[in-house]
Amino acid sequence: MTENIMDGQSELISLSAAGNAERNPIKPGKYSAKRIFAGEKAQITEIAFDSNVELKEHVARTPIIVSVIEGEIEFTVEGRKFPLAVGGSIFVEANVLHAVYAQIPARITVTFLSA
């Protein structure tokens with residue numbers, strides 16, 4: 001059992017990738033999004049992708065940072081494709097078209113920054 005730290009200055013979000021997988025399992029043929037942190041200055045959503053699943057083009061209302069924590073994805077920003085593997089990250093400004101495709105099962109975190 002872990003202790004949740006919430007003292008106004010810090011909050012434990014995740015201890016491990018295994019814990020993330022338990023919290024937001026991959027759903028066959030789909031993607032699954034789960035908010036894992038909501039604060040005043042940022043929000044973090046984790047998205048789990050099954051293989052051959054796409055999150056079609058869309059925009060975020062705030063700047064975002066996307067990080068791959070499992071598998072590999074193809075991240076498209078305004079038509080430019082970027083292959084990202086575990087540890088890869090990309091920053092995207094608010095209201096910029098982007099999409100995500102996972103050829104193999106993958107998991108990403110999306111950090112929504114305050115505008």
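What follows is a chat between a colleague and a modeller about one predicted model.

Colleague: Before we start, which pLDDT do local features need here?

Modeller: Residues are numbered from 1 along each chain as its sequence is written, and side-chain values use heavy atoms, with hydrogens and water left out. This is a predicted model where totals for chains, interfaces and linings use all residues and side-chain atom pairs count only at pLDDT 80 or more, while local features need pLDDT of at least 70.

Colleague: What is the strand order in the open sheet of 5 strands?

Modeller: Strands here are DSSP runs of E with at least two residues, numbered from the N terminus. Two of them pair if DSSP finds at least two bridges between them. Pairing in this sheet is antiparallel, and the order is β1-β2-β9-β4-β7.

Colleague: And which are the edge strands there?

Modeller: In the order β1-β2-β9-β4-β7, look for strands that pair on one side only. The twist from one strand to the next averages 20°, with axes taken as lines fitted to C-alpha atoms and angles running from 0 to 180 degrees between N-to-C directions. The edge strands are β1 and β7.

Colleague: How many bridges join β2 to β9?

Modeller: Start with one residue: Ala48 has Arg107 in β9 as its bridge partner. β2 and β9 run antiparallel, and the number of bridges joining them is 8.

Colleague: How many residues of β9 are buried?

Modeller: Buried means under 20% relative accessible area, exposed over 50%, and partly exposed in between, using a 1.4 Å probe and protein chains only. Strand β9 covers residues 106-113 and is mostly covered. Of its 8 residues, the buried count is 6.

Colleague: Which residue of β9 is the bridge partner of Ile65?

Modeller: β4 and β9 run antiparallel, joined by 6 bridges. Ile65 also has a bridge partner in β7, namely Phe91. In β9, the partner of Ile65 is Thr111.

Colleague: Which side chains of β7 point to one face and are buried?

Modeller: β7 spans residues 89-92, and its side chains alternate. Ser89 and Phe91 point to the other face and are not buried. That leaves the buried ones, Ile90 and Val92.

Colleague: What length does the polar contact between the side chains of Ser67 and Ser89 have?

Modeller: Ser67 lies in strand β4, and its bridge partner in β7 is Ser89. Heavy atoms within 4.5 Å make a contact, and beyond neighbours within four places in sequence Ser67 touches Gly88, Ser89, Arg107, Ile108 and Thr109. A polar contact is a pair of N or O atoms within 3.5 Å; within protein, one must be able to donate a hydrogen and the other to accept it, and residues adjacent in sequence count only if both atoms are side-chain atoms. For the side chains of Ser67 and Ser89, the value is 2.9 Å.

Colleague: What angle lies between the planes of the aromatic pair Tyr31 and Phe49?

Modeller: Rings of Phe, Tyr and Trp (its six-membered ring) pair if their centres lie within 6.5 Å; planes under 30 degrees apart count as stacked, over 60 as edge-to-face and the rest as tilted. The structure holds 1 aromatic pair. Tyr31 and Phe49 are 5.9 Å apart centre to centre and tilted, with an angle of 40°.

Colleague: Why does that pair tie together parts that are apart in sequence, and by how many residues?

Modeller: Tyr31 sits in strand β1 (residues 31-38) and Phe49 in strand β2 (residues 42-49). Tyr31 is partly exposed at 38% relative accessibility, whereas Phe49 is buried at 0%. Given those two strands, the pair therefore links parts whose separation in sequence is 18 residues.

Colleague: On to the other sheet: which strands stand at its edges?

Modeller: This open sheet of 4 strands is antiparallel, in the order β3-β8-β5-β6. Each edge strand has a single partner strand, so one side of each is left without a neighbour in the sheet. Those strands are β3 (53-58) and β6 (80-85).

Colleague: Which residue in β8 stands opposite Glu54?

Modeller: β3 and strand β8 (residues 98-102) pair in the antiparallel sense over 4 bridges. Opposite Glu54 in β8 stands Tyr101.

Colleague: Last one: what is the phi of Glu78, about?

Modeller: Most residues other than glycine have a negative phi. Glu78, exposed with a relative accessible area of 58%, lies in the loop between β5 (72-77) and β6. Glu78 is not a glycine, yet its phi is positive, at about 45°.
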